[in-house]
Amino acid sequence: MKSKILLIGGVGAGKTTLKQKLLNQSLIYLKTQALDYSSIFIDCPGEYLEIPRHYHVLIDAGARAVEVWALHDATRRNCPFPPKFATAFRRPVIGIVSKIDHLDACPDIAESNLRKAGITGRIYHVSAKEGSGIPELALHMSSLVSPNCPDS
Ligand SMILES: Nc1nc2c(ncn2[C@@H]2O[C@H](COP(=O)(O)OP(=O)(O)OP(=O)(O)O)[C@@H](O)[C@H]2O)c(=O)[nH]1
Ligand SMILES: [Mg+2]
């Protein structure tokens, strides 16, 4: 069923933390070791984006998603996405600049990198830690998936 949201992004971009926040779970650091399917999200290790021979895993997972969420850590200056990577997916891809609360955050660089990655749609700026931008993203999530859908 194509009802899940695929989270992609570099190592430590904040994918799992964002997932926990949107699902009202406790924010507990847990390194993602493999593709992790739950009712709403497909979470994956950042290595799948950072190591090109794993790209096909992300693209395959995208085929099972209703939308792809591409996260870029606002504290990261170099872009983990290859140019126009978003165009490899046959699903809509939105951008998310994460960790905007951080003292070293530079959201403009992250947003510019996401545009270079081929994202033409909306880019949300969020902090899972402090909650900014989360209500808007939660609303968008609800428009994609059933709010009654249980998740782990
Ligand atoms: N300051 C700040 N730190 C955050 C935020 N979101 C996540 N982090 C921290 O960033 C680190 C990595 O977060 P994860 O959610 O595990 O990142 P990930 O993208 O799932 O990483 P992988 O599973 O390795 O691909 C953790 O130490 C989090 O606490 C945020 O909004 N603000
Ligand atoms: Mg993770």
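Which residue stands opposite Asp73 in strand 5? In this predicted model, the residue facing Asp73 is Ser98 of strand 5. The pair belongs to an open sheet of six strands, which has mixed pairing and the order 2-3-1-4-5-6. Strand 2 (36–37) and strand 6 (123–125) form the edges of this sheet, each pairing on one side only.

Within the sheet, strand 4 is joined to strand 5 by six bridges, and the two run parallel. Strand 1 and strand 4 are likewise paired in the parallel sense, over six bridges; here Gly9 has Leu71 in strand 4 as its bridge partner. Strand 4 is mostly covered, with eight of its nine residues buried. Toward the edge, strand 5 (residues 93–98) runs parallel to strand 6, to which three bridges join it. Ile96 is placed opposite Tyr124 of strand 6.

Helices pack on this sheet. Helix 5 (residues 134–144) touches strand 1, strand 3, strand 4, strand 5 and strand 6, and its direction makes about 160° with that of strand 4. Helix 1 (residues 15–22) lies across strand 1 (4–9), strand 2, strand 3 (41–43), strand 4 (65–73) and strand 5. The angle between helix 1 and strand 3 is about 155°.

Helix 1 also contributes to a metal site. The magnesium ion (ligand 2) has as its protein donors the OG1 atoms of Thr16 and Thr32, which lie 2.0 to 2.1 Å from the ion. Because Thr16 lies in helix 1 and Thr32 in the loop between helix 1 and strand 2, the pair ties together parts that are 16 residues apart in sequence. Both Thr16 and Thr32 are buried.

In soluble globular proteins, nonpolar side chains tend to be buried together. The largest nonpolar core of the model comprises 24 residues, and those with the most contacts inside it are Leu6, Ile8, Leu58, Phe81 and Phe89. Two or more residues are given to this core by each of strand 1, helix 2 (47–50), helix 3 (55–62), strand 4, strand 5 and helix 4 (107–116). Residues up to four places away in sequence being left aside, Phe81 touches Ile8, Gly9, Leu49, Ala70, Leu71, Leu114 and Ala117. Two of these contacts, Gly9 and Leu71, are the bridge partners noted above. A second core, separate from the largest, has 18 residues, including Leu7, Leu18, Ile40 and Val145.

Definitions and conventions: Residues numbered from 1 in each chain as written. Chains lettered and ligands numbered in written order. Predicted model: local features only at pLDDT ≥ 70, side-chain atom pairs only at ≥ 80, totals over all residues. Heavy atoms only, no water. Pairing = 2+ DSSP bridges. Helix = DSSP H or I, 4+ residues; strand = E, 2+ residues; numbered from the N terminus. Contact = heavy atoms within 4.5 Å. Axes fitted to C-alpha atoms, helices over the stretch in contact; angles between N-to-C directions. Donors = N, O, S within 2.8 Å, 3.2 Å for Na, K, Ca; no water. Buried < 20%, exposed > 50% of the residue type's maximum accessible area, 1.4 Å probe, protein only. Core = buried A, V, L, I, M, F, W, Y, C linked by side-chain atoms within 4.5 Å.
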